[in-house]
Amino acid sequence: MREEVLNLLAEICEDDAVKEDLQTELFESGLMDSLGFAEFLVELEDQCGVVISPSEVERKDIDTPEKILALVEARR
Amino acid sequence: MNYYEGIAFFLLLILVLVGAIVIGWLEKPLKWYSLLASLFFAALIFWGNPAGILYLLAFYLWSVALIRIYFTIRVRDGRKEGIYHVFVLLSLIPLVLCKVTPLFHANVFGFIGISYLTFRVVQMIIEIYDGVIKEVSVLEVTAFLAFFPSFSSGPIDRSRRFLADWNRVLPRAEYLELCGKGIWKLLLGAVYKMVIAAGAYKVMGYLDTGTAWYHLVGYAYAYGMYLFFDFAGYSLMAVGSSYILGIETPENFRQPFISKDIREFWDRWHITLSHWFRDFIFTRFVMYSSKKKWFSNRLQRACAGFFVDMGIMGLWHGITPSYILYGLYHGALLAGTETWQKKSKFYKKHKDETWYQVLSWAVTMQMVFFGFFLFSGKLMTIFGLQ
Amino acid sequence: MRRMKAFLAALLLFAVTVLGCHLYIQNQGVNDSASFALAPSEEKGKLRAALTENMPKDGYPVFGSSEFMHGADTIYHPANVFAQTDFHPMLIGAGYYQSLSHAVTLASIEESMQVRKAVLILSPQWFRKTGVVDQAYASRFTETHYAAAMGNEKLSDETKQYISDRTQKLLKVDEKTRVRVLRYDEVRWKQEGGPLAELREEAWSAFLYEKELFETMLLGKSLKRQEKRRAETASEVPLVLEGAEDASAIPEISEPSGNMPAILETSGTSENELPVAEASEFAEGASYVPDWSALYELAEKEGEEQNQNEFFIDDAAYKRLVPHLPKKKGVSSDAVKGYQTGPEFDDLRCFLTVCRELGVEPMIVVVPVNGYYYDYTGFPKEARQAYYAKVKGIAEEYGAKVADFSDQEYTKYFFEDRVHLGKKGWLMVNESLYEFYKEA
């Protein structure tokens, strides 16, 4: 599961670095934007069956891979 | 009387807020007080406008009924897309009537605040569908919709965030800290609106009489300044008043004139509106179109999303050529920026260099102020289209 | 808490500052009522408190317009002529003031008037067919006067209605004031605003009063400077002791002359013997009147030296006029109905009605047009005569006294420029003011 989410993230961000450094600032570094985030949510639902609403989480709660992993874990 | 206009409103506002400070200082709940104050102001402002009162009541009953009924259905039947779309459309009917009927020289549902109230209702229905809203109380919905500081023109708060604040009772020290910030914002907003915006308005009036090209350019800039200080001033006063009532209404502006590209601009300008559109239109459009495979790649999807997002925003401002053009203009700018930043090697190579950033800022500002100029309707007047 | 403390400290400082200003301006107003009354000033007509508090016991209001600003540095201007006499008219007006503003002002200040008389100096130019221009009326419109007029119980409902209707129409150019003014109708006149509206008006009036005190302070300072400049001119005005026949102490006394300058031309006094008195020489308690014949003689003499041009106006004014003259020739020749129609006539009736309802005896000063200049522009003589007849007729309708100078169109040196009173013009008007004052 963890692996799947990280692969998905790397694919969206077009950068494998997110798999190694779980503290990477996703939005500030420009790796992720509204568009990427939207696609991430779609893929997450498709591949892992986890539904997260776009308005449900604030940017500051999902701005690193680690936080995203924690959120997905909590949702399973 | 109107919200944040005239001596009478401000005198009453001071009275109401002094009462709030006493309650907050005593560490008693502010929720009942703020609800009563909201109803008091609504009654005072709609007094003598029977049509307005009727529309407001009809809108309120309609919206509360939709939210309540949809919540019951959602709990019973789960995530059903069809019924969800029906309810979103139903919740939009009053706003659509309000915006469309003027085209036929009628005025249905035209009352202060309808544009902004609709955001709150639609947000609740969408989030009920998402399963994020887990309970609905009519009283809470009423408090959220009626909240007077942001009733007429935002900032657009979200129900879950608002109600968490509304239901809490802050310890004295924390309340006084919040209250102090609120007073500061309220006063700063008053200076923005009544001193700086009023000054810019005078300059506009002066430039409006000239016909030379530089009068027109000056007018565009003065109008932009007026628009910012007027609306940012109003927003600050609304946010400040909310703080004193214990509600941390989100900010609407964050130094928009330092933006280095259009995307950053929309992250700093009328923030609660653009974020609402981002969360409830753009993101959802992109997700939906990606599921349905409408476009072959991300960039196309994004560009279409920007056009839809900004186009609807233009329509929301009003169905006039100026506003529609304004929306499409910003859609095009965002799509263009997206394409440029994703495709251009030049951009990737130079984006972190100072000269590029300064140039990018300067170009962005020209585009922004030209946008304001479109928004002002002046261009349409010049070409005799409006 | 830190921010709250800062805010409270700022609030306290603000309150102290406001209180300080309030206390300071209380006694910074005008300290010499007579000189305030006489001073020509754009602003003073708007300062209700200053007008009522300084209304002279030995004078009445004289309402006029831009002529007050002309010739203020000559010995012929009322501000100087009456400076050291027993008569101190309150000069109210400046450009853009016309009958309607003055009707409102009179209704506002009448309670302070001990001498129940008032004079209105009519400028023919007021009677263009548009009447008072909305922008002009709005620029001179004063809320405190309007509120006081609406609250004046001596004024009839019809008169208030007329004033209100006209004001509503003219204030279209100043929407905010227009709406605010509607509330005065409600609260002050019809008294149907309710306690909340009354409270609001009270608060607003208190604010306006403070503002007025502040403006009075500023005006007081500028008038002081102005008065210093004028003092010398005023001291050059020839005076005689009242009841001149017995005043053998002052040599070469002339009889007060009457209106016609022609009498003066044969008067025997020569320039060197003019009884020019210094203020310091005056005996305590004695009262002095302007030496009209000496003044007319001076006017004649100065005019012969300085006003030798085709219109017999001041040379400076003539020089300014010359470049524009060619395009003025004959421009008004089709004004057959000029100055004979338009709302100003009803506004004049309103002024006279206000006088009647307040128990104030009015005098209308009919100022002529400059005959030489109006002939040049071709403005028909018949139209001019019809205008004089019409305003005199209206005055008669209301039993108002008329100081009629319509036969002075061709009196040399009567005008300073094309339209404003000059040397002889001012003297004749002054003499009529003085006589009106002395009348029982």
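## Three chains, two contacts

Trainee: How many residues does the contact between chain C and chain B take from each chain?
Mentor: Residues are numbered from 1 along each chain as its sequence is written, with chains lettered from A and ligands numbered from 1 in the order in which they are written. This is a predicted model, where local features need pLDDT of at least 70 and side-chain atom pairs count only at pLDDT 80 or more, while totals for chains, interfaces and linings use all residues. Two residues are in contact if their C-beta atoms, placed from the backbone, lie within 7 Å. On that basis, the count is 6 residues from chain C and 9 residues from chain B.

Trainee: Which element gives the largest share of the side of chain C that touches chain B?
Mentor: Helices (H or I, at least four residues) and strands (E, at least two) are DSSP runs, numbered from the N terminus. The largest share, 4 residues, comes from residues 2–26 of chain C, which form helix H1.

Trainee: How do the residues of the side of chain A that touches chain B divide by class?
Mentor: Chain A brings 11 residues to this contact and chain B brings 15. Ala, Val, Leu, Ile, Met, Phe, Trp, Tyr, Cys and Pro count as nonpolar, Asp, Glu, Lys and Arg as charged, and the others, Gly among them, as polar. The side of chain A comes out as 6 nonpolar, 3 polar and 2 charged.

Trainee: How far apart are the closest C-alpha atoms of chain A and chain C?
Mentor: There are 2 pairs of chains in contact, and chains A and B share the most contacts. Chain A and chain C have no contact, and their closest C-alpha atoms are separated by 27 Å.

Trainee: Is Tyr60(B) buried or partly exposed?
Mentor: Tyr60(B) sits in helix H3 (residues 50–77) of chain B. A residue is buried if 20 or more other C-beta atoms lie within 10 Å of its own, exposed if 12 or fewer, and partly exposed in between, with C-beta atoms placed from the backbone. Tyr60(B) has 17 such atoms within 10 Å, so this residue is partly exposed.

Trainee: How many residues of H5(B) are buried?
Mentor: Good one to check on your screen! The end C-alpha atoms of helix H5 (residues 114–130) of chain B are 24 Å apart, which agrees with the expected 24 Å for its 17 residues at 1.5 Å a residue; that expected span is 1.5 Å times one less than the number of residues. H5(B) is mostly covered, and of its 17 residues the buried ones number 14.

Trainee: Which residues touch the most other members of the largest nonpolar core?
Mentor: A nonpolar core is a set of buried Ala, Val, Leu, Ile, Met, Phe, Trp, Tyr and Cys residues joined through C-beta atoms within 7 Å. Of the 115 residues in the largest one, those touching the most other members are Ile67(B), Ile125(B) and Phe229(B).

Trainee: Which helix gives the most to this core?
Mentor: The helix in question contributes 16 residues to the core. Spanning residues 213–244 of chain B, the one you want is helix H9.

Trainee: What is the lowest mean confidence of a helix in chain C, and which helix has it?
Mentor: pLDDT is the predictor's confidence in each residue, from 0 to 100. Chain C averages 86, with 90% of the residues scoring at least 70, yet pLDDT stays under 50 over residues 245–282 of chain C. Where pLDDT is low, the predicted coordinates should not be read in detail. Confidence in chain C is lowest at a mean of 38, in residues 261–265, helix H11.
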